[in-house]
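These notebook entries record what I looked up in one structure. I began with the chain as a whole and then turned to individual residues.

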Amino acid sequence: MDTPSQLQPLTGPQTVVLGTVAALTVAAFSAALWGNTEQSERGFRLLNWLHNRSEVPPAEADL
């Protein structure tokens with residue numbers, strides 16, 4: 001008998017989405033911490049995007 005406290009196995013699409021989010025998060029952290037200035041800026045913007053925050057407007061020098 002299944003009890004409600006047992007976790008259900010992930011389906012195929014759930015596994016793909018979880019893997020994609022994990023890969024994007026690792027890539028963003030890597031770029032933000034160890035990339036050059038441009039990659040670091042993009043990494044932090046991707047991390048903000050992953051956390052559903054509004055995108056930071058570009059600096060005047062980027063326009």
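Accessible areas in these entries come from the Shrake-Rupley method with a 1.4 Å probe. I note at the outset that the model is predicted.

Entry 1, the whole chain. I looked up the exposed area of the chain and found about 5,600 Å². Carbon and sulfur atoms supply 63% of that area. I then checked burial: of the 63 residues, 10% count as buried. For secondary structure, I recorded two helices and zero strands.

Entry 2, Gly43. Is Gly43 buried or exposed? I found a relative accessibility of 3%; because the cut-off for buried is under 20%, Gly43 counts as buried. I located Gly43 in helix H2, which covers residues 37–50. Which residues does Gly43 contact, once neighbours within four places in sequence are left aside? I listed Ala28, Ala31 and Ala32. For Ala31 I also took the C-alpha to C-alpha distance to Gly43, which is 5.1 Å, with the two residues 12 apart in sequence.

Entry 3, Leu33. I placed Leu33 in helix H1, residues 12–34. I read a relative accessibility of 55% for Leu33; since exposed means over 50%, Leu33 counts as exposed. I next asked which residues make a nonpolar surface patch with Leu33. They are Phe29 and Trp34, and the patch made by these residues and Leu33 has an area of about 420 Å².

Entry 4, the two residues side by side. I close by setting Gly43 of helix H2, which is buried, against Leu33 of helix H1, which is exposed.

Definitions and conventions: Residues numbered from 1 in each chain as written. Predicted model: local features only at pLDDT ≥ 70, side-chain atom pairs only at ≥ 80, totals over all residues. Heavy atoms only, no water. Patch = residues over 30% accessible without salt bridge, like charges linked within 9 Å, V, L, I, M, F, W, Y side chains within 5 Å. Salt bridge = Lys/Arg side-chain N within 4 Å of Asp/Glu carboxyl O. Helix = DSSP H or I, 4+ residues; strand = E, 2+ residues; numbered from the N terminus. Buried < 20%, exposed > 50% of the residue type's maximum accessible area, 1.4 Å probe, protein only. Contact = heavy atoms within 4.5 Å.
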